[in-house]
Amino acid sequence: MSANNDDCDENTPLVPHPVQNGDIERTPTPPNQDHLISFVSPGQWHTQTHGSDTSSSLMTLAADKKMSDSRRTFCLFVTFDFIVTILLWIILCGVSSSSSLSFYTILYDQVCQLDLRTSLFDVVILAAVRFFFLELTFAAFRVRHWWPVAICTVVCDILLILKIFATFATPDVDHYCNVPMTIVLLLADFIFTWIEVWFIDSKVLPGEMKTAQKTVQAFLQQSYQSTMPEEHRNLIMPRNFPSTAASEHFSFFSAPESEAGHTAVGAESMYYSMHGYNRTMLLNNHIIQEGVVGLNSLWAQYTNRDLWKTEKQLKNGDVVYSMETPEYGKSFKIEAEIDVAPHIIFQEIVTKTEEMPDWNKTVASVKVLRRIGDKSSVTLEVSSPAALGLIPSREFVTVRRIDKIGDVFISAGVSTQSCEELVPKTNFIRGVNGPTGFIIAPGTDGPHSSSFVWILNTDLKGNLSRSLVNRNLTSTVIDFVSALRRRLAIYT
């Protein structure tokens, strides 16, 4: 790898090998061979790029520690809440005893002759229910949301308030129980429930999110190392290199400054500079990997016709299909025969992508933010308002990967957060693209015809009707092909 070669995979393309037991092996080929991609799903990428070593995969890392430290502390606090409630109740019974009523008599009356107005054993029962419910949801099922503790707190507080009214509205309440200890018990239970809410919302869930981000960062750093030459692979990546998959905004790693105001360059940074590794190259490598994964997913959807069901068949022969996937939601596909050679179509919609708003009115603007070699780029697209203004403009930041497999041209895109520092600040809602792109193959009517396919998967975000969005996306793919035909009329 040289310092001036940012697109690090252009010289080490990947080719598909025979499938064995459902896996695809990806190995580098010499630079002079044709460039093909092994088409896999994103979930398979780590296994295939790291061989049989799965000890650092995200699933393994997550399984190494099944319960986070903060969640374990929360479960211990819930247990503490239950035990303290029992102890306070026993102390209450003890201080309420007298010469006429022994301690055990009061215990018996509180438990066996339960009176909601005079007995506080129902508070212990409420603490027990709270204990088992929270331990079941957060320890056994490991729920990663605040709703169980919120529901538990609301129900417990309502019952505690009703208990206060029932207890202190009873005549001669001091005859039945020790009033100061009763107040302590009820107030302690009330405070414990709110501490549990705070703990989950401020400690457990944010802490587990940070742990997940660190896990992804470690995974990405090892992925970067795997692309280095063998003699460099044992080096450690910069500790503060950000995880673009786990953070909302990307920021470059910078070495700390010394007291003299100069950047302190350690031995590690010097090594990377000497051998051609720098922040830009690491970022470019990550963007390339995102594009390859998106292209693999798009090709897998294109080649599996069983996934699609017919949505609409037009009179001119164009067909619109759709499919639902758990990972990406609803996708749309349009297939059309166009009387223009494939390379011309590819040139118009890929190499002239910034000119697309001139003829495709569903797009307001397209801007290339970053180019990496000849095959990878990051673009910013802004859509035009749709559905008579009911769907406002959206912006999309997309990493794009282009390739050619045999006679088939491919342009694939998927949303990325790897170039946030290049995205201008706007008021547009950020949409998210799943595997999306164009596949242009030779047509059936000779060299001057093409089989054109556009697969569209997008989440417009915002509070929009799902049926309205689906109808608009169907119209979008149809209108795009019509506009493309008008654009290509100059070649016919």
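The legends below describe four close-up views of a predicted model.

**View 1. Helices α11 and α12 pack against each other at an angle of about 110°.**
Helix α11 covers residues 342-351, and helix α12 covers residues 466-488. The axes of the two helices lie 11 Å apart. Angles of 65 to 115 degrees count as roughly perpendicular, so α11 is roughly perpendicular to α12. The crossing of α11 past α12 is right-handed. On the α11 side, the residues that meet α12 are Ile-344, Ile-345, Glu-348 and Ile-349. On the α12 side, the partners are Phe-480, Leu-484, Arg-487 and Leu-488. Of the residues in this contact, 6 are nonpolar, 2 are charged and none is polar.

**View 2. Asn-472 is a buried residue of helix α12.**
The relative accessible area of Asn-472 is 16%. Buried means under 20%, so Asn-472 counts as buried. Leaving out residues up to four places away in sequence, Asn-472 touches Ala-386, Ala-387 and Ile-391.

**View 3. Phe-409 lies in strand β9 and is in contact with residues from other parts of the chain, including Phe-438.**
Strand β9 runs over residues 408-415. Phe-409 has a relative accessible area of 14%, and is therefore buried. Neighbours within four places in sequence are left aside in the contacts that follow. Phe-409 is in contact with Pro-342, His-343 and Phe-346. Asp-403 and Lys-404 also contact Phe-409. Further contacts of Phe-409 are with Phe-438, Ile-439 and Ile-440. Phe-409 and Phe-438 are 29 residues apart along the chain, and their C-alpha atoms are separated by 8.0 Å. Pro-342 belongs to the span of helix α11, residues 342-351, shown in View 1.

**View 4. Cys-156 and Cys-152 do not form a disulfide.**
A disulfide is a covalent bond between the sulfur atoms of two cysteines. A search of the whole structure finds 0 of them. For Cys-156, the closest cysteine sulfur is that of Cys-152, at 4.0 Å. A disulfide needs the two sulfur atoms to be within 2.5 Å, so the sulfurs of Cys-156 and Cys-152 are too far apart for a bond. Cys-156 is buried, with a relative accessible area of 3%. Another cysteine, Cys-419, is also buried, and its relative accessible area is 1%.

Key:
Residues are numbered from 1 along each chain as its sequence is written. This is a predicted model: local features need pLDDT of at least 70, side-chain atom pairs count only at pLDDT 80 or more; totals for chains, interfaces and linings use all residues. Side-chain values use heavy atoms; hydrogens and water are left out. Axes are lines fitted to C-alpha atoms, for helices over the stretch in contact, and angles run from 0 to 180 degrees between N-to-C directions. Helices (H or I, at least four residues) and strands (E, at least two) are DSSP runs, numbered from the N terminus. Angles under 35 degrees count as roughly parallel, over 145 as roughly antiparallel, 65 to 115 as roughly perpendicular and the rest as oblique. A crossing is left-handed if the near helix is turned anticlockwise from the far one by less than a right angle, and right-handed if clockwise. Contact means heavy atoms within 4.5 Å. Ala, Val, Leu, Ile, Met, Phe, Trp, Tyr, Cys and Pro count as nonpolar, Asp, Glu, Lys and Arg as charged, and the others, Gly among them, as polar. Buried means under 20% relative accessible area, exposed over 50%, partly exposed in between (1.4 Å probe, protein chains only).
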